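Please look through the sequence and the coordinates below before reading on. The explanation that follows takes up some of the helices and then a sheet.

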Amino acid sequence: MTALLEHLRSHHTPTRLLAALRALVRTDFLWLVFLAAISGVLAGLCVAAMTQATLLAHRLIAPGAGRLSGLSTVSPWRVLCVPAVGGLLLGWWQAHLSQHHRRRPVDPIEANALHGGRMSLADSLVVAGQTILSNGCGASIGLEAGLSQMGAAFASRIGRILRLHRADVRLLVGCGAAGAIGAAFDAPLAGAFYAFELIIGSYAFTLLAPVASATLCALVVVRLTNTSLPAVTVASSDTIPLLAWPLLIILGMTCAYIGIILMKSAARAEQLFRHILKQEWLRPALGGLLVGGLALISPSVLSSGHMAMRARLVNPPEMELAMELLGLKALATVLSIGAGFRGGLFFASLYLGVLAGAVFAGLIAPFAPLPLALCTVAGMGALATAVIGAPLTMILLALETTHSAGMTASVALTAVAASLTVRRSFGYTFATWRFHLRGENIRSGVDVGWLRALTVAQMMRPETDSLPADELVETARAALAERMPRHIVLHDAHNHYQGMVDTTRLMSIQAAPERPLSSLAEARFETLSPETCMADAVAAFERTGRPALAVVDKTNRVLGLLSERYVLRRYAEELERVRRDLAGEKHIRFTPAPPRGH
């Protein structure tokens, strides 16, 4: 589909056709739903292709077998060699890309938050290929990073080819990611709210139609290609003992701290690998060798752990076994991320949550026995919420997995408890934690790119009322007798900034006529540069308490003046525009009432 649109755009004759399609999408919301459905189809094809490619790669470790995490035994030499060789190939690939100075790929959350949904399809293909290689060789990470990346990238390309509105491109990116996650888990509702909570950043009823159409179309594609997982049956009961509810809150808080430790440990592991090996291309090979060694103890640590998670939901493990598997899987995941393998923690956090719930059930069994299946499902939702930061997604995933209202209610309680605990004690999810380590202040997919795009140079007033700093007060009063500006910018003989004077202070009787203006100067060292973004300008006004600040260049020459009132007005206008985009009001068409008498 994207190739067809690219062909239409690159040739001269269909230019009017593209313009007509763009006009249709902008005027009729149904066409945007149609584009969202196409994005879902492409996302479903990506899920099917990446899943099949990963299963083929898994046969290098276990020829003729299924998914790695569901195996009971593996060949020792294969499980040691294949992850190490895969890590070596990944390291060589990353070194080759760094030599060619390729830019860092932008993921869907960052694209929607900072770049208006713009994503590179070529960079996303690299991410998908590295994710397949990492997961295929047995690294203990999931495919969800590559799946959502490809689904969102195809959707972004469609929006960019048609030159859609910024809000529409961001919505299509969310649709692509929703289709990929919904198809990967066979859970369309969970995929839709994954997009709302993480990629789009908010929910509006007008956005439900395109997101839902994308997830359903992706799910149909995956089922038609026979790449979806079979349904899992979890022993559940719709009645939950009253004593279980406070204990489920404790389980949610416990899983939250496990998730925090997991996220921080991944960052520490990266530092440790950098310290041990200066050659970056060798780190994945070392990490693969270590993960292979852990797989000799239990093959369930290999790959994402999705099949092992499903097996433990059907047959929950005893506390001792669950505690052992929890430690092994957590260590393998931390080593895989720290060594530089490409992937995410969503799949792994589900399996870790199941094991954490089983351990919790075993610990409290002597005092207050709870159903083991209840604790495993609740732990799955709580730990995944702590890691990815999407409680509604996990609640719906539990509903679509167990088909039990009681189980869903328990997951809702633990997910909320985990979310509140992480927010108060840590403040980050795994994605935002990675952004924080890079120096980016991104909390979700909510559009904040306009804050950086709008700079002081675009907002300042270049015409300023300026006077020499050595001008006398009486001379300045005479010069400004016919007009009375609010602020006067002072400069020296070389037009260098020397401070500002408020006219109320200039006209005050306390200002002696024979004094120079420099004696009344304020804000001598408080200025703005033309490259400063709106967010930093607002922070500067709050910090200084000044109603206006001068804009100067690197040599301290005066370029203009910016007032706080104007900045706040523009800020409010942009916030209102973003609010309308998030609420979907730009897509609501109002029919005017007929005139009276008709």
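What follows describes a predicted model, beginning with helix packing and ending with strand pairing.

A convenient place to begin is helix α13, which spans residues 306-314 and in which His306, Ala308, Met309, Arg310 and Leu313 are buried. These buried residues pack against three other helices, namely α8 (166-185), α15 (346-364) and α16 (372-388).

Two of those partners, α8 and α15, also pack against each other. Two packed helices are described by the angle between their axes and the distance between the axes. For α8 and α15 the angle is about 40°, and the axes are 13 Å apart. Because angles from 35 up to 65 degrees fall outside both the roughly parallel and the roughly perpendicular ranges, α8 and α15 are oblique to each other, and their crossing is right-handed. On the α8 side the contact is made by Ile181, Ala184 and Phe185, while α15 contributes Phe346, Phe347 and Leu350; the residues of this contact divide into six nonpolar, no polar and no charged.

The remaining part concerns an open sheet of three strands, arranged in the order β4-β5-β6 with mixed pairing. Its edge strands, each of which pairs on one side only, are β4 (527-528) and β6 (558-563). Strands β4 and β5, the latter covering residues 548-552, run parallel and are joined by two bridges, and in this pairing Thr527 stands opposite Ala550 of β5. Helix α24, made up of residues 534-544, lies across β4, β5 and β6, and runs at about 125° to β5.

Notes: Residues numbered from 1 in each chain as written. Predicted model: local features only at pLDDT ≥ 70, side-chain atom pairs only at ≥ 80, totals over all residues. Heavy atoms only, no water. Buried < 20%, exposed > 50% of the residue type's maximum accessible area, 1.4 Å probe, protein only. Helix = DSSP H or I, 4+ residues; strand = E, 2+ residues; numbered from the N terminus. Contact = heavy atoms within 4.5 Å. Axes fitted to C-alpha atoms, helices over the stretch in contact; angles between N-to-C directions. Parallel < 35°, antiparallel > 145°, perpendicular 65-115°, else oblique. Left-handed = near helix turned anticlockwise from the far one by under 90°. Nonpolar A, V, L, I, M, F, W, Y, C, P; charged D, E, K, R; others polar. Pairing = 2+ DSSP bridges.
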